[in-house]
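I opened this model to look up two things, a pocket and a single residue. These are my notes, in the order in which I made them.

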Amino acid sequence: MANKIGNNTGDLSSLTKDQLWEMEQAKLGKKGEIFFILKSLLPILGLAVSILEYVLVPNKYGNQHPERYIIFLIVPVVIYCIRWIITRIQYQKGNRQGFIKVAGKAPFLFVLHLAFAVFDYLTLKTGILLYPFIPWINDIINAMILDRAQLLKCAIASIKLLFTGYFAGVALGIITGIACGYSEKINYWINPILKVLGPIPTATWIPLIMIIAKSLKGGSIFIIGLGTWFMVTVATRTGISNVDRAYYDVARTLGAKERQLVFSVAIPHAMPNILQGMTQGMSSACVSLMIAEMMGVKAGLGWYITWSTAWAAYNKMFAAIIIICITFSVVTKALDMIKNYLLRWQIGVTK
């Protein structure tokens, strides 16, 4: 391995992350490896600091179920330690990438727990951040557990509304994008509409939708779908337009019909752009969802935030915001996994 690395030092671009890390460790020597291992254990130190701050510093306010916050602090570090042990065993067997990846998260977890300690000190311990406008983390956890049934109901309603509007926008966006990218005549008429509607913020349509829409749910679906439609249409049109015309000529030579040119040539080559547009459309849909739910729908996380704010239940408001962040992160991650799976052939192309 050392000879292989030595032969590649002239061209660092050809080295893998594992090889670059081994070169760095070789320069630092045994002390460098010990330092790297100690750095990978920083989350344990961060956990100790956050727990000691929580336990030893006296509270300014009453704090119900204090053990919940401690569990909240411990769980991510326990998961990290389990992954650390597994990847460290693999590291000893020669598979270094897993341990390097896990250890790379150590500084973030360390700083995150320090941030928890600082936030807890500014809220629960001293009240510098005024309560109830800024609740401490354990108060948010208690509110989340107490109102879990309502939060679950609102989360399900938000997901249903999100995907209904999103998939409607994706379907129309793909159709419009393919038509515009493949046909210059259609693009001539649709392109001005895209230029006019694209830059307009979603919130601008709310007054008009409230007048025209027969129901608030239908209006909400339209608002979510509109932003998604624009993103997917532009990305799909770009992908279809960038397909090399030589592919069409070869396909026609082989006897392909227009339908086959679209589904067997244009769409497969434009798939990276289409999936990228779907990812961007999901980001737009998530933002539009919160705006749509604040129009007056009877369920959803956006509605829950409006309701809890009206009753000055700010701990419930923050609980809903956290659930929104988690929900949208999971949805976006799932979409990225689907995208990476469908485009797995690109890995061999880019190498």
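Entry 1, the largest pocket. I kept in mind that this is a predicted model, and I began with the question of which element gives the largest share of the lining of the largest pocket. I found that H4 supplies that share, with five residues. Helix H4, which spans 67–92, and helix H6, which spans 106–125, each contribute at least two residues to this lining. For the space inside the largest pocket I noted a computed value of about 350 Å³.

Entry 2, the lining by residue and class. I listed the residues that line the largest pocket as Phe 72, Pro 76, Ile 79, Tyr 80, Arg 83, Val 102, Lys 105, Phe 108, Leu 109, Leu 112 and Phe 116. Sorting the lining by class, I recorded nine nonpolar residues and two charged ones, with no polar residue.

Entry 3, Asn 63. I then turned to Asn 63, which I located in the loop between helix H3 (42–56) and H4. Is Asn 63 buried or exposed? I entered Asn 63 as buried, because its relative accessibility is 16% and the cut-off for buried is under 20%.

Entry 4, the partners of Asn 63. Leaving out residues up to four places away in sequence, I found that Asn 63 touches Tyr 54, Leu 124, Trp 136 and Asn 138. With Tyr 54, the side chain of Asn 63 makes a side-chain polar contact of 2.7 Å. A polar contact of 2.7 Å also links the side chain of Asn 63 to that of Asn 138.

Terms used
Residues numbered from 1 in each chain as written. Predicted model: local features only at pLDDT ≥ 70, side-chain atom pairs only at ≥ 80, totals over all residues. Heavy atoms only, no water. 1 Å grid on protein atoms, 1.4 Å probe; cavity = no way out; pocket = protein on both sides within 12 Å on 5 of 7 lines; lining within 4 Å. Points joined across faces, edges and corners; volume = space filled by probe spheres on them. Helix = DSSP H or I, 4+ residues; strand = E, 2+ residues; numbered from the N terminus. Nonpolar A, V, L, I, M, F, W, Y, C, P; charged D, E, K, R; others polar. Buried < 20%, exposed > 50% of the residue type's maximum accessible area, 1.4 Å probe, protein only. Polar contact = N/O pair within 3.5 Å; in protein donor to acceptor, adjacent residues only side chain to side chain. Contact = heavy atoms within 4.5 Å.
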